[in-house]
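Could you walk me through this model, picking out the contacts, the core and the charged pairs? Here it is.

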Amino acid sequence: LHNGSGLRAADWNGTSDPYVKLELAEQEHKSSTVMRKLDPEWDEHFEFRGTLRELALAPIKVRVFDWDVLKSDDDLGEASVLLGDLLLVAAPAPTEVHLSTQGCIRLSAVWQSDAAAAAAAAAAITISNHNI
């Protein structure tokens, strides 16, 4: 999840406190809340587990909300995109997903097998141990 732009203002001060919920294959992740922004930057990474076939054929649902203290959170819009469409690009270039209300969210996806993930974790551990 990279960023958003042109989100709807839902608060009295002309801004929003947006956060994103990503849903894929019965798994859900929630981003952090970015206070008082209509063009938030998240730069957050989430992992969805499953086979390439089941994940690539399922739509990823993007729902954006405005966080509120005293009342229920406001819906800022939603969209869905087939994860397979994001995985077709050679490099994980951000894809712009337009929301049902106004604004857009930019995200990208990378498929990583369990073996590649284990190797990456081992490399990270090795680098970490090397720096100690």
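## Around threonine 95

Leaving out neighbours within four places in sequence, threonine 95 is in contact with Leu86, Ile105, Arg106 and Leu107, where contact means heavy atoms within 4.5 Å. This is a predicted model, so local features need pLDDT of at least 70 and side-chain atom pairs count only at pLDDT 80 or more, while totals for chains, interfaces and linings use all residues. Residues are numbered from 1 along each chain as its sequence is written, and side-chain values use heavy atoms, with hydrogens and water left out.

Threonine 95 sits in strand β6 (residues 95-98). Strands here are DSSP runs of E with at least two residues, helices are runs of H or I with at least four, and both are numbered from the N terminus. Is threonine 95 buried or exposed? Neither, quite: its relative accessible area is 24%, so it counts as partly exposed. That label covers what falls between buried (under 20% relative accessible area) and exposed (over 50%), using a 1.4 Å probe and protein chains only. Valine 81 is 14 residues away from threonine 95 along the chain, and their C-alpha atoms are 9.7 Å apart.

## The core and its strands

Now for the greasy part. The largest nonpolar core has 23 residues, and the ones that touch the most other members are Val20, Leu22, Leu24, Val62, Val64, Ile105 and Leu107. At least two residues of this core come from each of β2 (18-24), β4, β5 (74-82), α2 (83-87) and β7 (104-107). A nonpolar core, by the way, is a set of buried Ala, Val, Leu, Ile, Met, Phe, Trp, Tyr and Cys residues joined through side-chain atoms within 4.5 Å. In soluble globular proteins, nonpolar side chains tend to be buried together.

β4 pairs with β2 in the antiparallel sense over six bridges, and eight bridges join β4 to β5, again antiparallel. Two strands count as paired if DSSP finds at least two bridges between them. On the β2 side, valine 20 has valine 64 of β4 as its bridge partner. On the β5 side, phenylalanine 65 stands opposite aspartate 75. Valine 64 has plenty of company: not counting residues up to four places away in sequence, its contacts include Leu7, Val20, Leu76, Leu99 and Ile105.

## A buried aspartate

Aspartate 66 also belongs to β4 (residues 59-66). What is the nearest side chain of opposite charge to aspartate 66? That would be lysine 71, at 6.0 Å, and buried aspartate 66 has no salt bridge. For the bookkeeping, Lys and Arg count as positive and Asp and Glu as negative, with His and the chain ends not counted. A salt bridge needs a side-chain nitrogen of Lys or Arg within 4 Å of a carboxyl oxygen of Asp or Glu.

The side chain of aspartate 66 does reach the backbone nitrogen of aspartate 17, at 2.6 Å. Setting aside residues up to four places away in sequence, aspartate 66 touches several others, among them Ala10, Ser16, Tyr19, Asp73 and Leu76.

## Charged pairs

The structure holds six salt bridges. Here are some of them:

| Positive residue | Negative residue | N to O distance |
|---|---|---|
| Arginine 49 | Glutamate 47 | 3.1 Å |
| Lysine 61 | Glutamate 78 | 4.0 Å |
| Arginine 106 | Glutamate 96 | 2.8 Å |

Lysine 61 is in β4 and glutamate 78 in β5, so their pair ties together parts that are 17 residues apart in sequence. Lysine 61 is partly exposed at 30% relative accessibility, and glutamate 78 is too, at 33%.

Arginine 106 in β7 and glutamate 96 in β6 pair up across ten residues, linking distant parts of the chain. Arginine 106 is partly exposed at 24%, as is glutamate 96 at 39%. Asp68, Lys71 and Asp74 are linked in a network of salt bridges.

## Two odd backbone angles

Alanine 25 has a positive phi of about 50 degrees although it is not a glycine. It is in the loop between β2 and β3 (27-30), and at 35% relative accessibility alanine 25 counts as partly exposed. Arginine 36, not a glycine either, has a positive phi of about 55 degrees. This arginine 36 lies in the loop between β3 and α1 (52-56) and counts as exposed, at 54% relative accessibility.

How values were computed:
Polar contact = N/O pair within 3.5 Å; in protein donor to acceptor, adjacent residues only side chain to side chain.
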